[in-house]
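Let's take a walk through a protein model and look at its charged pairs and a pair of helices. Have the sequence and the 3D view ready.

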Amino acid sequence: MFESRTLLALLLIAIAQPAVAAPIPCTVEAESVGMSSDRLQRLSAAMQQYVDDEKAAGIVTYVARSGRVVNLQAFGMSDIQAGREMTPDTIFRIASQTKLITSVAVMMLVEEGQIALEDPLSRFLPAFAQSQVAVATESNGEPELVPAKRPITIRDLLTHTSGISYGVGVSGSYWQEAGIYGGYYADRDESMASLVDRMADLPLDAQPGEHFVYGHSTDILGVVVEKVAGVSLGEFLRERLFVPLQLHDTHFFLPREKADRLAAVYAADATGLRRADGASGLDNQGHFVEGPRVTESGGGGIVTTARDYGRFLQMMLNGGQLDGVRVLGPRTVELMTINHTGSLFADQPALRPGLGFGLGVAVMLDQGEASLYGSVGSYGFAGAYFTTYWVDPEEQLITMVMTQLRPPVDPTLHTKVRTLVYQSIVDEAPAARDLPTDTGSACEVAE
């Protein structure tokens with residue numbers, strides 16, 4: 001069992017979670033890592049144009065190659081009404097980009113032998129021992145409930161093949177009646193463990209292992225981490241990931257002294273931008289500063305900066321280690337970033353073909369079929385507030401786009417960024433060990 005409540009650990013948390021922003025990494029010349037500064041300017045121009053056209057209030061871009069940041073730029077405003085400009089240390093709601101962080105936490109426990117991918121979920125959460133599956137009827141009335149053919153496994157949860165949705169599929173009426181749907185829970189005065197316990201009584205949308213069903217699987221994994229580690233998910237992540245990797249601005253709920261660094265959420269349409277003020281917490285400014293501060297959603301609850309998330313992704317790209325701190329073994333990272341779902345992910349009509357799904361992350365399988373820049377084996381995901389990232393091991397490349405839009409008026413931003421980053425590559429990526437380390441005291445050299 002993971003022991004957490006030591007005096008040393010508590011002191012580390014207090015020291016490593018300051019109220020002030022972490023140092024912003026300086027950038028190096030693009031040419032030093034096989035990219036073109038002139039071509040990379042096309043990315044900057046396009047982001048500024050996107051803001052000028054009022055398609056977003058503000059954007060932060062992050063590009064790193066061979067462990068060196070070549071682009072960390074802010075455009076526009078983080079809060080128009082408050083008159084705050086977007087800055088490199090602006091904090092963003094990353095929604096489903098949280099999923100990879102929670103999946104890493106699970107795999108840390110897998111490496112320790114405390115969890116196995118083939119373990120039934122009921123080993124940790126007995127309430128899931130007897131699941132039922134909702135099956136649509138010909139009359140389109142109430143679905144028929146049938147027993148699950150087999151137990152849900154940890155692997156099913158990591159690959160979103162558990163059959164558990166966000167309460168919007170065939171079983172939707174049951175989930176909505178229970179008040180558990182949509183995936184936003186920061187407004188609840190109820191622990192995620194309590195919510196997940198109630199989920200166990202609700203039917204699945206598909207038989208385990210038979211379909212890709214996007215939903216609460218990673219929230220459930222967060223509770224599994226809590227059961228195995230004996231601490232809250234937030235405490236586990238702070239002690240095992242955020243503190244060791246120096247992710248100083250990464251939280252489930254934002255310290256109030258950092259509130260003025262949290263970007264506002266906007267909605268965009270053909271008439272321009274408006275401050276998001278929808279009825280649900282996902283469609284307004286949310287409850288990440290003011291609110292119950294109780295429900296730690298492993299599937300979508302984290303706020304962070306481009307710098308922090310970039311360090312987390314660099315750890316993944318480095319095969320599980322960063323700055324002398326090893327989080328995972330390289331073979332575990334390899335296992336996470338290969339396709340585990342056959343054609344189940346690519347067969348989804350709403351998703352791009354040519355992609356598969358690993359353990360917590362989408363994976364490029366066929367560049368031509370996907371019609372995207374990026375090497376086979378690159379991986380990434382996106383968040384509900386229109387953030388995205390991807391990691392390309394072959395090119396030693398990390399790219400991230402941070403903004404806060406629900407909904408976007410122009411959803412092509414992410415593919416445009418991808419194009420503009422890859423077109424700036426003009427040479428092979430050098431090995432990080434071959435680059436000079438004397439890059440200035442403010443520079444973070446991630447090796």
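A residue is called buried when its relative accessible area is under 20%, exposed when it is over 50%, and partly exposed in between (1.4 Å probe, protein chains only). With that in hand, Asp249 is buried, at a relative accessible area of 2%.

Before going on, a word on the model. This is a predicted model, where local features need pLDDT of at least 70 and side-chain atom pairs count only at pLDDT 80 or more, while totals for chains, interfaces and linings use all residues. Residues are numbered from 1 along each chain as its sequence is written, and side-chain values use heavy atoms, with hydrogens and water left out.

**Charged pairs**

How many salt bridges does the structure hold? There are 18, where a salt bridge means a side-chain nitrogen of Lys or Arg within 4 Å of a carboxyl oxygen of Asp or Glu. Here are some of them:

| Pair | Closest N to O |
|---|---|
| Glu395 and Arg65 | 2.5 Å |
| Arg150 and Asp156 | 2.7 Å |
| Asp249 and Lys258 | 2.7 Å |

Take Glu395 and Arg65, which meet in a salt bridge. Glu395 sits in the loop between β15 (388–392) and β16 (397–402), and Arg65 belongs to strand β1 (residues 58–65), so this pair ties together parts that are 330 residues apart in sequence. Strands here are DSSP runs (E, at least two residues) and helices are too (H or I, at least four), numbered from the N terminus. Arg65 is buried, at 0% relative accessibility.

In the next pair, Asp156 is buried at 2%, whereas Arg150 counts as partly exposed at 33%.

Now back to Asp249, found in the loop between α8 (233–242) and β7 (266–269). Its partner Lys258 is buried too, with a relative accessible area of 0%. Which residues share a network of salt bridges with Asp249? They are Asp89, Lys258 and Arg261. The side chains of Asp249 and Arg261 are also joined by a polar contact of 2.8 Å (a pair of N or O atoms within 3.5 Å; within protein, one must be able to donate a hydrogen and the other to accept it, and residues adjacent in sequence count only if both atoms are side-chain atoms).

**Two helices that meet**

Finally, find helix α6 (residues 192–199) and helix α7 (residues 217–229): their axes come within 9 Å and cross at roughly 120°. The axes are lines fitted to C-alpha atoms over the stretch in contact, with angles running from 0 to 180 degrees between N-to-C directions.
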